[in-house]
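Thanks for coming. I will take the ligand site, then the packing of the interior.

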Amino acid sequence: MSLQVIEPRIRGFISLTAHPEGCAVNVREQREVVRQAGITGHIGTALVIGSSTGYGLASALVSCFGYGAETLGVCFEKEPEESKPGTAGWYNLAEAHRLAREEGRVFETINGDAFSTEVKQQVVDALRRLGPVDLVIYSLAAPRRRDATGTIWNSTLKPIGRPYTGKAFDLRGEAVTEASIEAANDEEIASTVKVMGGEDWSDWLELLLAEGLLAPGARSVAYSYIGPELTAAIYRDGTIGHAKEHLEETGHTLDARLKAAVGGDAWVSVNKAVVTQASAAIPAVPLYLSVLMKLMKERGTHEGPIEQIVRMFRDHTGPGAMPTLDAKGRIRLDDLEMQPDIQAEIAGIWEDLTTENFRAQSDYAGYQSDFHRLFGFDVPGVDYTAATEVNRPLV
Ligand code: NAD
């Protein structure tokens with residue numbers, strides 16, 4: 001046992017500490033959203049790659065607590081050691097495991113580098129016990145990848161073709177600034193595709209096929225993002241967007257492969273912008289998200305990862321559902337974000353955003369609170385003056 005008072009230590013777009021009880025409450029709230037969704041239908045076994053935070057965590061919770069799937073997650077988190085607390089993702093999963101156990105459900109985790117052959121083998125071994133998978137969710141957001149040959153590839157966030165200068169937000173100084181980012185070279189573009197493109201998703205599915213671990217009719221979904229014109233130069237038309245295009249193209253190849261091999265399907269779902277550790281690191285996105293959140297809350301259409309994923313299973317990829325696809329064959333969970341009237345209103349506000357007026361012109365308070373909540377802080381009902389158990393195992 002190790003009881004500690006945990007203080008927030010937030011530095012720009014990361015937090016150096018995480019509050020175990022705050023993370024546990026977040027997970028319980030997400031489970032409640034799943035419970036209230038009135039889900040019917042059953043999934044046998046689900047594999048979620050990137051299961052500890054954001055969209056992957058939501059996918060694992062919906063699979064396990066909504067559809068009763070025996071759920072195996074893969075993530076890369078720091079386990080608490082002696083008196084040293086772990087990361088938020090670890091505490092999220094500690095609570096998810098505890099709840100699953102309490103309800104007699106199966107939720108297991110392999111904590112390690114999902115790109116590595118070792119972790120892939122551990123998953124194969126676990127699935128021999130749990131059974132072939134009916135669902136594979138691919139939700140990694142990683143800064144780098146060591147491939148099977150030992151080569152390290154880094155993901156960069158840069159424009160392609162010409163430098164980018166545009167509005168940005170300094171999370172540390174809480175100031176609207178202008179960012180200038182040089183254009184990526186060919187090596188940086190290729191390297192980002194290696195990390196965030198479709199190759200590793202494809203490796204996973206090929207491995208599961210080769211091992212006979214994809215159940216008949218198995219479905220796989222990977223997540224993508226498009227976003228507005230405002231962030232296009234740095235996101236969708238930049239290095240990351242290039243990688244997402246590769247992921248989306250890979251989805252078509254994998255769809256044909258799964259159809260032929262097991263009568264299954266593979267899709268890419270374009271999700272909406274939400275507050276996660278991955279999105280906080282993208283220039284301009286925290287500011288864009290703050291404005292977006294204000295407008296979507298005003299319209300009653302605001303969603304976080306759990307609401308998006310409940311909707312994805314219900315309307316598109318869950319048992320008995322078939323997705324509605326856009327002209328490029330993608331699921332568009334970002335439909336509400338991309339509504340023309342919302343985008344036009346954001347573009348108008350964007351022009352005039354300054355350090356002096358951004359709090360009034362956006363829901364920055366909401367963004368900041370959601371950001372703190374990612375790490376278990378700012379969670380209503382949690383007593384932050386009380387010591388909390390930091391040694392929480394994944395039982
Ligand atoms: P996140 O940072 O919350 O989660 C990333 C997950 O990947 C975590 O579980 C982490 O442990 C895991 N991970 C990272 N590196 C790993 C490694 N080497 N091995 C094993 N696990 C590893 O990210 P997120 O925002 O939920 O993003 C997930 C996916 O959704 C990404 O493809 C992202 O592009 C996409 N997406 C995100 C947004 C957004 O606004 N956040 C919007 C649309 C789509």
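**Ligand site and cores**

Let me start with one contact: a backbone N or O atom of tyrosine 55 sits 2.8 Å from an oxygen atom of the ligand. Keep in mind that this is a predicted model. Phenylalanine 76 also uses the backbone, with an N or O atom 3.1 Å from a ligand oxygen. Threonine 276 instead brings a polar side-chain atom, 2.6 Å from an oxygen atom of the ligand. On its own the ligand would expose 830 Å², and 92% of that is buried by the protein.

How many residues surround the ligand? There are 28, and the closest are Ser52, Tyr55, Ala114, Lys244 and Thr276. By type, the shell splits into 13 nonpolar residues, 11 polar and four charged. As for where they come from, α2 (54-67), β12 (214-224) and α9 (277-280) each contribute at least two residues to that shell.

Now the interior. The largest nonpolar core holds 79 residues, and Leu47, Trp201, Leu208, Leu214 and Tyr367 have the most contacts inside it. Helix α10, residues 285-299, gives this core its largest share, nine residues.

Trp201 is worth clicking on. What does tryptophan 201 contact, leaving aside neighbours within four places in sequence? The list includes Tyr138, then Ser220, Val221 and Ala222, then Leu247, Thr250, Gly251 and Leu254, and finally Ala266, Trp267 and Val268.

There is also a second core, separate from the one just described, with 34 residues. Among them are Ile43, Leu99, Ile137 and Tyr223.

That is what I have.

Methods: Residues are numbered from 1 along each chain as its sequence is written. This is a predicted model: local features need pLDDT of at least 70, side-chain atom pairs count only at pLDDT 80 or more; totals for chains, interfaces and linings use all residues. Side-chain values use heavy atoms; hydrogens and water are left out. A residue is near a molecule or strand if one of its heavy atoms lies within 4 Å of it. A polar contact is a pair of N or O atoms within 3.5 Å; within protein, one must be able to donate a hydrogen and the other to accept it, and residues adjacent in sequence count only if both atoms are side-chain atoms. Accessible areas come from the Shrake-Rupley method with a 1.4 Å probe; for residues, only the protein chains shown count as cover. Helices (H or I, at least four residues) and strands (E, at least two) are DSSP runs, numbered from the N terminus. Ala, Val, Leu, Ile, Met, Phe, Trp, Tyr, Cys and Pro count as nonpolar, Asp, Glu, Lys and Arg as charged, and the others, Gly among them, as polar. A nonpolar core is a set of buried Ala, Val, Leu, Ile, Met, Phe, Trp, Tyr and Cys residues joined through side-chain atoms within 4.5 Å. Buried means under 20% relative accessible area, exposed over 50%, partly exposed in between (1.4 Å probe, protein chains only). Contact means heavy atoms within 4.5 Å.
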